[in-house]
2 protein chains.
Amino acid sequence: MLALHNVWWIFVVVVVVAFTENGIGRRIVCVTSGGTTAPLEQRCVRYVDNFSSGHRGATSTEYLFLHLLLYFLKAGYAVIFLYRRGSFQPFCRSLPDDPLLECFEATERLNIQVREAYSKAVKTAIMDHHAPVTSGLLLKLPFSTIFEYLQMLQIISKPMKDIGPRAMFYLAAAVSDFYVPWKDMVEHKIQSGSHILDVKLVQVPKMLSVLRKDWAPLAFCISFKLETDSNILLNKARGALEKYNMHAVVANELSTRKEQVVVVTIDDKITVQRDKSKADDDVKNPLIKLLSQRHSAYIEDSKRTR
Amino acid sequence: MLALHNVWWIFVVVVVVAFTENGIGRRIVCVTSGGTTAPLEQRCVRYVDNFSSGHRGATSTEYLFLHLLLYFLKAGYAVIFLYRRGSFQPFCRSLPDDPLLECFEATERLNIQVREAYSKAVKTAIMDHHAPVTSGLLLKLPFSTIFEYLQMLQIISKPMKDIGPRAMFYLAAAVSDFYVPWKDMVEHKIQSGSHILDVKLVQVPKMLSVLRKDWAPLAFCISFKLETDSNILLNKARGALEKYNMHAVVANELSTRKEQVVVVTIDDKITVQRDKSKADDDVKNPLIKLLSQRHSAYIEDSKRTR
């Protein structure tokens with residue numbers, strides 16, 4: 001399970017080198033997205049999972065490209081999208097769950113065509129997705145387990161370290177807090193004979209500290225805090241900011257997270273709301289704008305203090 | 001979470017009535033597919049899940065239609081496909097994970113087209129899926145949690161009961177063995193502050209017995225037993241056959257399940273293997289053929305003993 005194909009490593013390095021060779025001062029952001037699984041058996045049948053559609057990571061990636069076009073053409077971002085298999089993909093949010101089966105239909109001449117109602121959404125998704133992928137500005141890497149996620153994050157960090165403050169980590173994935181270490185796992189499927197299943201999970205090592213300290217110490221790091229209880233949310237976000245030495249923590253409450261989030265930094269607490277006058281606006285639009293600006297300021301600061 | 005829209009109920013009844021009014025003696029099979037989730041919090045962030053791609057249920061549904069065309073035109077099956085959201089869909093197994101993004105490309109004229117390599121797979125998937133859906137022979141109903149799954153199975157059983165032995169349940173879903181009852185769940189997200197998360201799950205009530213006894217006593221019932229340990233597999237399958245009064249239990253081992261399964265009945269243990277001389281054959285092909293024949297025999301038997 002821990003074995004990852006070396007090809008990933010080479011691939012990431014090559015693409016990142018290509019990114020950086022290309023433009024002077026290209027920025028790279030690693031967007032993580034979706035939940036991680038924590039297997040309960042070595043030959044895994046059951047696992048603990050985190051609810052996460054991957055909507056935030058996918059939509060944020062779209063806005064990164066949008067803002068790139070609107071504000072940051074000179075700076076230029078490239079995106080490494082580290083996503084949970086099966087989670088939402090960038091540029092696809094207007095599509096139904098099963099786009100191929102739902103958006104297309106058979107014609108009388110035994111051919112297929114896009115259904116009228118979906119023609120714009122399908123065309124936009126494919127065209128908008130196609131452009132950054134083929135131009136080398138969007139690299140997509142999938143994961144499922146917490147083991148895969150952490151290994152791939154570490155691998156991505158290596159070349160990211162080399163571009164210093166121009167690297168950004170936008171850690172939107174819902175990473176398991178608890179897992180069963182490999183050595184403590186039973187090999188075979190846990191039997192259902194007993195009346196109670198008592199699963200003891202231990203804390204996942206907090207790799208955010210390691211990312212900040214060793215893996216890519218100069219990268220601009222944003223993490224997310226999701227709670228269902230609004231009373232504890234801001235304190236938890238502030239705690240994460242200090243504990244892991246993040247540059248910003250985005251605090252969101254489960255029930256209102258699509259309308260409003262709070263960006264907690266060492267000096268500020270900034271409430272970010274979606275533009276309600278626009279039906280299709282998303283809170284990630286102003287959020288990405290704010291964070292990109294903060295990243296710019298951070299890069300300028302780094303130049304001055306160098 | 002337990003609330004289901006009444007519209008499902010009405011919908012299922014109407015469709016089943018349509019099915020049965022249509023042909024004299026139409027058979028209906030309810031194929032369940034994919035894993036169920038067992039939430040750990042009422043405002044669910046974490047849940048225990050079962051590994052299941054839904055490949056078996058989806059592919060079996062395809063073969064049900066194939067065999068329908070080959071052998072059962074007179075009898076005529078209709079399929080209710082009760083599937084986990086996001087799991088494999090019938091007729092799509094030759095497609096990649098993200099078919100819309102991977103199978104289509106932008107043309108120079110700013111239009112979209114199917115990539116050459118996928119043109120046959122895409123056309124086949126859409127056409128083959130379209131035909132049974134539009135002719136009312138395939139009804140697809142999604143679920144996620146164990147609560148939704150059991151409620152929908154009960155709802156579907158009501159009209160299935162009315163067609164007696166012509167109903168078949170092909171229970172390929174990987175249903176949770178353990179869950180946290182609603183009243184025992186914490187409301188909010190379990191905090192990650194403590195070093196150990198101790199989750200106590202209790203057995204899910206065994207509704208298969210209730211299905212056989214009360215919900216649809218005359219339906220032909222097939223369940224599945226998956227184990228990772230081949231030494232205990234057949235005994236577990238035999239145990240399930242007797243305990244839940246199934247007509248057949250399909251025993252499969254995790255690592256070899258795509259090559260071979262064993263159908264355990266009260267009199268027999270029949271090994272079913274895929275036809276290795278055909279590259280694209282699947283063990284579900286001979287399996288569905290065998291089970292359909294057994295269902296025919298069961299219907300004939302029921303007529304004689306009526």
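In the predicted model, the interface between chain A and chain B buries about 5,500 Å², of which 60% lies on carbon and sulfur atoms. Within the area that chain A buries against chain B, L100(A), L101(A) and I126(A) supply 12%, more than any other three residues. The contact draws 58 residues from chain A and 58 residues from chain B.

Polar and charged interactions also cross this interface. The number of residue pairs in polar contact between chain A and chain B, counted where both partners have pLDDT 80 or more, is 11, and the number of salt bridges between the two chains is 4. In one of these salt bridges, R46(A) is joined to D177(B), with the closest N and O atoms 2.5 Å apart. The side of chain A that touches chain B is assembled from several elements, each supplying at least two residues, and including the helices α3 (99-103), α4 (119-134) and α7 (230-244) as well as the strands β3 (46-50), β5 (104-106), β6 (112-114), β10 (196-203) and β11 (220-227). Of the contributors to this side of chain A, β10(A) gives the most, with 8 residues. When the residues on the side of chain A that touches chain B are sorted by class, 29 are nonpolar, 13 are polar and 16 are charged.

Strand pairing also links the two chains, since β3(A) is joined by 5 bridges to strand β3 (residues 46-50) of chain B, and the two strands run antiparallel. In this arrangement R46(A), the residue that forms a salt bridge with D177(B), stands opposite N50(B) in β3(B).

As for the symmetry of the pair, a turn of 180° with a shift of 0.0 Å along the axis lays chain A on chain B with an RMSD of 0.0 Å. The two copies are therefore related as by a two-fold rotation axis. The C-alpha of chain A nearest this axis belongs to V48(A) and lies 2.2 Å from it. Both copies use the same surface, as 98% of the contact residues of chain A recur in chain B.

Technical notes:
Residues are numbered from 1 along each chain as its sequence is written. Chains are lettered from A and ligands numbered from 1 in the order in which they are written. This is a predicted model: local features need pLDDT of at least 70, side-chain atom pairs count only at pLDDT 80 or more; totals for chains, interfaces and linings use all residues. Side-chain values use heavy atoms; hydrogens and water are left out. Contact means heavy atoms within 4.5 Å. Buried area is the accessible area (1.4 Å probe) that two parts lose on being put together, summed over both. A salt bridge is a side-chain nitrogen of Lys or Arg within 4 Å of a carboxyl oxygen of Asp or Glu. A polar contact is a pair of N or O atoms within 3.5 Å; within protein, one must be able to donate a hydrogen and the other to accept it, and residues adjacent in sequence count only if both atoms are side-chain atoms. Helices (H or I, at least four residues) and strands (E, at least two) are DSSP runs, numbered from the N terminus. Ala, Val, Leu, Ile, Met, Phe, Trp, Tyr, Cys and Pro count as nonpolar, Asp, Glu, Lys and Arg as charged, and the others, Gly among them, as polar. Two strands pair if DSSP finds at least two bridges between them. Copies are superposed by least squares on the C-alpha atoms of residues with pLDDT of at least 70 in both.
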